[in-house]
Amino acid sequence: MLHQVHRPMQRPLTTAHLAQTMSLLSLTALELRQQIDQELSANPALEMLEERHCPTCGRRLGMRGACPQCSCPREGQGNEPVVFISPREDFYTGSGAGASSGMMEDEPEENYAAADETLAVYVFRQIAPDLQPEDRPLVAHLLTHLDEDGLLTETLAAMARYLHVPLSRMLAVQRLVQRAEPVGVGSADVEEALLAQLDVLSETHNQKDSQNQKDSRADAQRENGIVLSRRILAEGCLTLLSRRAFDEIAHGLQVHPAQVKQAARFISENLNPYPARSAWGETRSTPPAAVQVYYRPDMIITQQEDAPEGPLMVEIILPLAGMLRVNPLYKQALTETSGEKKDALRGDMDRANLFVKCIQQRNHTMQRLMQRVVSLQRAFLLKGNKYLRPVTRASLAIELGLHESTISRAVANKAVQIPNGRIIPLACFFDRSLNIRTVLRELIEQEGRPMSDSELVGKLAERGYNVARRTVAKYRAMEGILASGARQAG
């Protein structure tokens, strides 16, 4: 006799269901709100009930606050995070029990992270008040030719020819740009950037002197550092300086080697050869697109004040003022009509049903993703960057039984407010270099003498990070740290 064994099976999503779910999954909370409003206005079969219900369990909720059932830790849950959908169109900071009871206060505006802006916009905004109207196009043209280090990718002479202006005007415009923050931006090369920074330091030094605020010993050392550093750079000795050829530089400039060492230390401590790298570089470059004034979180992760060792609370924001459903009057009208009109009504109702189901599928996928991510990265969330675990989208997709593109869509453009109040991209949880870069910076800050990249490879290996020398050089550059030859121990 044969026994039939019934196993639960996941039915594959239909093409339309899958396509719309993937589309909704890639949206931020604010974009989702816009999509919902668009569907409500376009489809009469879809309606929004004013009363709030929990998107997960269906429990009726008060005017504010998360579901008291879904947002509470369960017995025996241990440190596993509590992940719940929060149906609210406002943006308040969840805070443990307060979030569950609806006692939440408006989040101060300053807690929102400012949206990223391009380097060109940042510089132009600073110097715009000092520009003549006829010089603004020149500055705009110059700023569009900056690389990620803040250095020019085209010569001033070529720009002057293109814009049909004298070279002297482009030089005057460049001087204004170079004195904006980050100082030295808009220079032709590293030497020019460093010299521009020395000019600003010298002006500050002279201003202090004229105001009788001079500390004779410290100020004299600073003045000597500025003067000798300018000589070293003007004489083209930067390459020798990077090789720590102090004796050769001293011989060429007719000064003592000790003075050259002091100048090298002054350059290392006060100047940046790549003005924009520490602020922008690979991690801050953004395409020239419209940006929001503030970057609001799509998810809020908090720690229970009364249970610091307990589970983290993860609130996934679903920006709804009420509950989406298919209009029951539409269902009734469908039974009372016939012909082409009935087909049109059925099409509206099918689209409304599909949209509601896709929202539910999006919620389910985001819950599964955040449940696993927060569980893996608990130490990072509570202790800092160097505790970030190396997790990839591909490995998480395999673990959750999803396609890698699904994980990528769920992660893209989302922001998370972490327990310390910072708002970071969700993609940071998958930054495999952040912990290594944090440890690398610590090693360099604590070094007794400048360590070479090869030595740093060994130090990182001692801490369990096995990386190549060229990788160390890349991470050092991303953090805006000079090579050992141009770096002096503090």
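Colleague: Before we start, what counts as buried, exposed or partly exposed?
Modeller: Buried means under 20% relative accessible area, exposed over 50%, and partly exposed in between, with a 1.4 Å probe and protein chains only. This is a predicted model: local features need pLDDT of at least 70 and side-chain atom pairs count only at pLDDT 80 or more, while totals for chains, interfaces and linings use all residues. Residues are numbered from 1 along each chain as its sequence is written, and side-chain values use heavy atoms, with hydrogens and water left out.

Colleague: OK, helix 19. Which of its residues are buried?
Modeller: L434, N435, I436, R437, T438, V439, L440, E442, L443 and I444. Helices here are DSSP runs (H or I, at least four residues), numbered from the N terminus. Ten of the twelve residues are buried, so helix 19 is largely enclosed by the rest of the structure.

Colleague: What do those buried residues pack against?
Modeller: Helix 16 (378-383), helix 20 (453-462) and helix 21 (469-478). Contact means heavy atoms within 4.5 Å.

Colleague: And how far apart are its end C-alpha atoms?
Modeller: They are 17 Å apart. The expected span is 1.5 Å times one less than the number of residues. For residues 434-445 that should be 16 Å, which agrees.

Colleague: Switching to cores. How many residues are in the largest nonpolar one?
Modeller: It has 51 residues. A nonpolar core is a set of buried Ala, Val, Leu, Ile, Met, Phe, Trp, Tyr and Cys residues joined through side-chain atoms within 4.5 Å. I301, L369, M370, L381, L426 and F429 have the most contacts inside this core. Helix 15 (residues 339-376) gives the most to it, with 13 residues.

Colleague: Take M370. What does it touch?
Modeller: M370 touches V83, M299, I301, V314, I316, S375 and L426, leaving out residues up to four places away in sequence. Another core lies apart, with 26 residues, including L228 and V255.

Colleague: How many disulfides are there?
Modeller: Zero, from a search of the whole structure. A disulfide would be a pair of cysteine sulfur atoms within 2.5 Å.

Colleague: C54 and C428: buried or partly exposed?
Modeller: C54 is buried, at 3% relative accessible area. C428 is partly exposed, at 22%.

Colleague: Backbone next. What is phi at H164?
Modeller: Positive, about 60°, although H164 is not a glycine. H164 is in the loop between helix 6 (156-163) and helix 7 (167-178). H164 is exposed, with a relative accessible area of 72%.

Colleague: Where is Q254?
Modeller: In the loop between helix 11 (246-253) and helix 12 (257-270). Phi of Q254 is positive too, near 60°. Q254 is exposed, at 66%.

How values were computed: Helices (H or I, at least four residues) and strands (E, at least two) are DSSP runs, numbered from the N terminus.
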